[in-house]
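Hi there,

Here is the structure I promised to pass on. Have a look at it first, and then read on for what turned up.

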Amino acid sequence: MAAHRSGPLKQQNKAHKGGRHRGRGSAQRDGKGRLAPKTLSKKVRKDLSRVDQRHRASQLRKQKKEAVLAEKRQLGSKDGPPHQVLVVPLHDRISLPEAFRLLQDRDTGTVHLNERGSTHSFMLLCPRLKHRWFFTSARPGDLHTVLDMAKVADTILFLLDPLEGWDSTGDYCLSCLFAQGLPTYTLAVQGISSLPPKKQVDARRKLSKAVEKRFPEDKLLLLDTQQEAGMLLRQLANQKQRHLAFRDRRAYLFAHAADFVPSEENDLMGTLKISGYVRGQALNVNSVLHIIGHGDFQMKQIDAPVDPFPLNPRVIRSSKDSGTAMEICSSDAVADMEEDPKVLMKADPDRQASLQTEVIPDPMEGEQTWPTEEELSEAHDLLKESSKVVKKVPKGTSSYQAEWILDEDGESGGEGDEYDDIEHENFMEEESQDEGSEEEEEEECETMTIGESVRDDLYDEKVDEEAEEKMLEKYKQERLEEMFPDEVDTPRDVAARIRFQKYRGLKSFRTSPWDPKENLPRDYARIFQFQNFINTRRRIFKEIEEEVEGAEMSVLNMVVSRHPGNTEPVKAKEELIFHCGFRRFRASPLFSQHTAADKHKFQRFLTADTALVVTVYAPITFPPASVLLFKQNSNGMHSLIATGHLLSVDPDRMVIKRVVLSGHPFKIFTKTAVVRYMFFNRGTHGHMKCSFDGKLKSQDTVLMNLYKRVFPKWTYDPYVPEPVPWVKSEISSTVPEMDME
C-alpha cells in the first residue's frame, strides 16, 4: 500500500517563536551550555548541599572570630600600640591621685611616668598579663581636653561616686561624649569601702539603679584596694573593643613627645617632631596632617624609631663586670640602639597635598566677547518691540505692578497712554539707584520695644540687664515665628519692589524648577566642588593611601537635633562653635529643613522638635563624622546646644527663604477681591485687586508667598578660644510672660 503524500495545497503553519519569553530549555539550547558569571555564582550557591552550607557558615564565623581575637591580641601587646586608657572622674569628691596610686602598682608591672614627672599620665608594662597600658586623665569640666582625648582613647575609665554617681558637671560631660561617640568604656566606683558595712550593699544597689539610665546592663567594678585594681586591669585587657567609624577610616595618633626645631632664618618657623603610635589606617607622608586646635601642616618624613616602652625588656650584662654594668633594652632592637631611626617615607613634592584652602577666583572667567554692531542693533529693535506693549491699568499703578495685571480676555489692552517709553526708562533708572542701598541683614529685622518694667525678681545685681533684654527680645521673636511663620511686614520707608526685588513666586515649592547654578555669590568661586561626592567618597575610602581630605574649603551640610538641656533661642547666622570629626572651628550657619526634595526651606531659629540641616563654609570632611554645636556664653563657658552627624559636602543644596505677605479683603466680588494692608502706595493706598480660584469670605486672610535662595556667610574661623571650666548655673533663667501685642 502506497504512503500518503501531502499535496501542494496543504496548510503550512508558522513555527512558534518564543521571543523574549522563551522557556528555560530553549535558552539553554541556544546558549550551548554557556552561563553568565552572576548566574553561575547563584547556581553554585543554590546547588550547595545542606552540609556544605553549614560548613560555609562555620568558616565565616571562624574568620570573624579570628579577626576579633587578632585585634584584641594586638592592642597592648609587644607588636601593637599600647592600650590607651582615659580616666575621667565624674564627681568632684573622687580622688584622681589615689586612683592612679592603686593602678601604679610596682608588683603588677613596670611604671614609666612621663618626662615631666607628673602623675597625670604614665605607662604601665605588665609582662605577666602580656599587656601594656598608657593611662591619661582629664577633668570633666575641661571640655576640650575630654573631647580631644576621647577621640583617640581605646578605653574610657569612668570613676563614680558611691552615693551620687556623678554630679552636674559629670552629667554634662557624659552628654558631650555620647554625642561625639563613645569608645569602649568601664565603670569603677571609688570610696565604697569607706562606707559602713551595712550601707555598702544598699549603696551599690542604689548606684546600679541610677547608672542604668546612662549605662544599661553594665557591671560596676570597685577601685579601693590593690586587688581590685588588678581585677580592673584584667577587665580592661580582655574587654571587647567598640569601633568609632569616624576614626577607624582615618590615621590618627596621640603625641607622646613633641620637639620644635627652629629654622636658621627665623626662630618662629621650624620643624615640629612628633613621636607617637599610629592607629587606624596607614599614614601617608604626602597627605596633610591636622593638629587639633592648631591647623593643617605638611609632613616632611616618617621615621621608625625604637619602641621606647618595650613589653619584654632584656637585661644585657657587661663583658668586663657582669655584676655591675646592666642595660635594659628591647630584645628586637638591640643592634639598632646606637643607630639613627629608620626612615620609612619621605614626602614627594610632586605628589604632596597642598595647603591651599581656597580657589583663587579669576575675575575674567566667564566673560564674553564684546557684541558686534549687528547684535546690538537686533537687541535694540527687540527692546523697542517689547516696550511697545501697553495695558489698561488703574490710575497710579507702577510698571512693576502692571506686569502682573492681566486683562479680562487674557490679552493686553490697546489703550493706555500712561506708560510710555520715557516713563519706563525713568523707572529703570530709579530702580538701579535704589538697588545698591538694600542690605541683606534688614530682611529679617522687626522692631519691637521692651518696657523697663520687664524684669525677673530672681536675678541679682550682678546680672547684665542689657544681655537679659536682648535675650527677651530673641524669645519674643522666636514666639512670633512659631505663631506666624515667615510672615513679615512691608516696610513703609522702602518701596516693596525694592525691598523684595530678589524674591520670586513659585507655583509649587516642591515641583517648580530652580537652577542650582543661578546667581551664585562670589564666595562660591573660592570653594572646591565635587562632580560626584558619593563616588569620590567611596573611592577615597577604598584607596585610603590616596587620602585627599585636607584643608580645602567647601560647603558642609550637617544634620543636627536640639539638645534637651539647652532651651535658649538660637537664631540663624549666629556664631557657633563646631566639633566636626577631628576638627574644631567657629562659623555662622544657616538652618534649613531636612527633606528629600531638591529645595529646602530656610528656618530662622533652631527648633527643638525636629532635626534640621546646618550649612556652613568649612574644610572638606568625609562622612561619617559626629557633629557637636556649642555656643559661647558671656562668661566664657561653652554650652552644648545641638548634636548630630555630617550629611554631605554639597554646594548645590538649595536653601530657599520664604517671605509671607499678609493682607485683608476690602471688597469681595465672588472670586475677585480688593486686598489692603499688604502694600502701602501713595497712588493706590496699597490696595490690590486679586483673583482667586475659589470663593472668598470676609474673615479670610490673604497671604502671598515669595521665595529667594540664601547662602551662608564666609565666617569660618579655625581659632576656638579655650572654654572656662563648665559649671552649672545656679540662677534659673525663667522667661516672664510676654504680651505679644
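A residue is called buried here if its relative accessible area is under 20%. Both Phe100 and Phe122 meet that description. Please keep in mind as you read that this is a predicted model.

Let me stay with that pair for a moment. The ring centres of Phe100 and Phe122 are 5.2 Å apart and the planes stand at 80°, so the two rings are arranged edge-to-face. The pair links distant parts of the chain, with Phe100 in helix H4 (residues 96–103) and Phe122 in strand S3 (residues 121–126), 22 residues apart. The count of aromatic pairs comes to 17. There is also one aromatic cluster formed by Phe158, Trp166, Phe178, Tyr185 and Phe215.

Now for the sheet. Seven strands make up an open sheet with mixed pairing, in the order S2-S3-S4-S1-S5-S6-S7. Its edges are strand S2 (110–113) and strand S7 (220–222), each of which pairs on one side only. From one strand to the next, the twist averages 30°. At the S7 edge, strand S6 (residues 184–189) runs parallel to S7 and is joined to it by three bridges. In that pairing, Ala188 stands opposite Leu221 of S7.

Two helices go with this sheet. Helix H5 (residues 143–152) packs on it and touches strand S1 (83–89), strand S4 (131–137) and strand S5 (155–160). The direction of H5 makes about 150° with that of S1. Helix H7 (residues 197–211) lies across S5, S6 and S7, and runs at about 135° to S7.

You may also like two places where an arginine meets a tryptophan ring. Arg504 has its charged end over the ring of Trp514, 4.0 Å from the ring's centre. Arg526 lies over the face of Trp714, and here the distance to the ring centre is 3.8 Å.

One last residue to look up is Glu481, which is found in helix H13 (residues 465–483). Is Glu481 buried or exposed? Its relative accessibility is 18%, so Glu481 counts as buried. Leaving aside residues up to four places away in sequence, Glu481 touches Asp486, Arg604 and Phe605.

Happy browsing, and do write back with any questions.

Best wishes

Methods: Residues numbered from 1 in each chain as written. Predicted model: local features only at pLDDT ≥ 70, side-chain atom pairs only at ≥ 80, totals over all residues. Heavy atoms only, no water. Helix = DSSP H or I, 4+ residues; strand = E, 2+ residues; numbered from the N terminus. Buried < 20%, exposed > 50% of the residue type's maximum accessible area, 1.4 Å probe, protein only. Contact = heavy atoms within 4.5 Å. Pairing = 2+ DSSP bridges. Axes fitted to C-alpha atoms, helices over the stretch in contact; angles between N-to-C directions. Phe/Tyr/Trp six-rings, centres within 6.5 Å; stacked < 30°, edge-to-face > 60°. Lys NZ or Arg CZ within 6 Å of the ring centre and 35° of its normal.
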